[in-house]
Amino acid sequence: MGKIYRYSIGYDIVRGFVKTAHRLFYRKIIVTGKENIPKDRPVIFAPNHQNALMDPLALVCTLPSQIIYLARADIFKSATNRPFLRFLKIIPVYRIRDGVENLGKNEKTFQQTIEILQHNTPLCLFPEARHTDKRSLLPLKKAVPRIAFQAEESGGLGKDLVIIPVGIYYSDYQEPQSILQINYGKPLQVSKFLSSYRENPQRAQLELRDALRAKLSPLMIDIRDTEHYELYETIRLLYRKTMLKEENLSPRSWKNRFRADQLTVQKLEAAAREDDSFLQLLLDKVQRYEALQHEQKIKEDALEKNLLTLAQAIFTGAGFLLTSPVVVFGWLHHALPHYLLKNHVNNKIEDSQMRSSFYFVLGMLAFSAMYVVGLLTLGRLFPGWWKVLYLLAMPLSGVFTYRLIRSWKIFRNRLRLRFGLPKEKQKLLLDSRQEIISFCQKAFSAQKQ
């Protein structure tokens, strides 16, 4: 069996297919900081972990390198899985829960990682060692520092090893056509901690772990107050438009929206430190607002926009009507596998953070099969190059249809808000929302003084 760090043409062929599906799966993929990745030095990537398989795919599909991943050993239990996992360039790490008798096998893994880094092949492991369903950075484990120090001490790296923190952000963890942002941070030079490591290995591992955390947290949305997590999430979205305006940031840029969300979280944390009653008062206002939302069946994505005028409603409705043939085409080619997969994943997968991964992998196979069936059946009606156009139209129409259906739901909600609610109820809802924004503005502005 060949060395896992050797170039694999088969891997790149499969990656090309996966990368296409990955690009179609997301509405937009934003990558920042790629200039921070050195081209001629050994690298360990250390991303936050919030979305199961979609997290490593974020790196696989945005970097040219064939990265080697370390993953928990239990997925290697099946003899059938092992060759497939090796093909995907994944090697096992054993934990106590995998059996104390297996911990000794980690020495083989660590020796393998040293060899990988000595050949300038990038390595990736998730420093949190597990994923979470919240936009929070979990406590980091010592696996990354341990491997980094062992590799640096082994020789052959020329004290060039760096750790690249990677912040991964999803606008929605489970829904297709969401926003994915990958932020590659400034490199962390391992050699700067070597003298400390030689004096006290345990202390140096903690120092490097804490330095990694300090670099990783600013690359993501990191809500540290777990007790009030849902409140932070609500305000992050509700206050975004106001924060963008206050910071003179263009609302069209998703990078700016991400930055606005970070600032909102930071200001909420500061307000909570300055006033012990702030979060409770804010929570009371949010609960009243959410009760009104529930009562009137109006969602936040309709309330964040300006009220529709009659002309806007007619014009937008006409637009939906004109695009309906494309929607019908896209729905016919995607509805059956989509709803079957959604139903299966939501009912069978208990870990909510695994659902988008299962949907992506199964959907990639199911939709591909659907396109082949369509080409072999309806495609026979088209001559020559029209078959190629038909094949391309199938996935693109699916993306367009999914986006348009979501837009229609928001538009329908906006219609209800503008024309379906009595004026007094409409005013009560909008005033409640504005009360929250004004309350936050007052608290945030006090921080500047």
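A surface patch, as used here, is made of residues with over 30% relative accessible area and no salt bridge, with like charges joined within 9 Å. The model on screen is predicted.

**Stop 1: the positive patch.** Select R23, R27, K28, K241, K245, K299, K305, R403, R406, K409 and R412; they gather on the surface as a patch of positive charge. Colour α9 (240–246) and α16 (386–420) next, since each of these helices supplies at least two residues of the patch. The largest share, four residues, comes from α16.

**Stop 2: R27.** Within that selection, go to R27, in the loop between α1 (9–25) and β1 (28–32). R27 has a relative accessible area of 43%, so it is classed as partly exposed.

**Stop 3: H22.** Step back along the chain to H22, which sits in helix α1. Is H22 buried or exposed? Its relative accessibility is 1%, so H22 counts as buried. Show the residues around it: beyond its neighbours within four places in sequence, H22 is in contact with I29, M54, L57, A58, C61, L180 and F360. Then draw a C-alpha to C-alpha distance from H22 to M364: the two are 8.9 Å apart in space and 342 residues apart in sequence.

**Stop 4: Q293.** Finish in helix α11 (residues 278–296), where Q293 is placed. Q293 has a relative accessible area of 13%, and because the limit for buried is under 20%, Q293 is buried. Not counting residues up to four places away in sequence, Q293 touches I298, K299, E300, L303 and L429. One of these, K299, also belongs to the positive patch of the first stop.

How values were computed. Residues numbered from 1 in each chain as written. Predicted model: local features only at pLDDT ≥ 70, side-chain atom pairs only at ≥ 80, totals over all residues. Heavy atoms only, no water. Buried < 20%, exposed > 50% of the residue type's maximum accessible area, 1.4 Å probe, protein only. Contact = heavy atoms within 4.5 Å. Patch = residues over 30% accessible without salt bridge, like charges linked within 9 Å, V, L, I, M, F, W, Y side chains within 5 Å. Areas by Shrake-Rupley, 256 points an atom, 1.4 Å probe, with all protein chains shown as cover. Salt bridge = Lys/Arg side-chain N within 4 Å of Asp/Glu carboxyl O. Lys, Arg positive; Asp, Glu negative; His and termini not counted. Charge placed at Lys NZ, Arg CZ, Asp CG, Glu CD.
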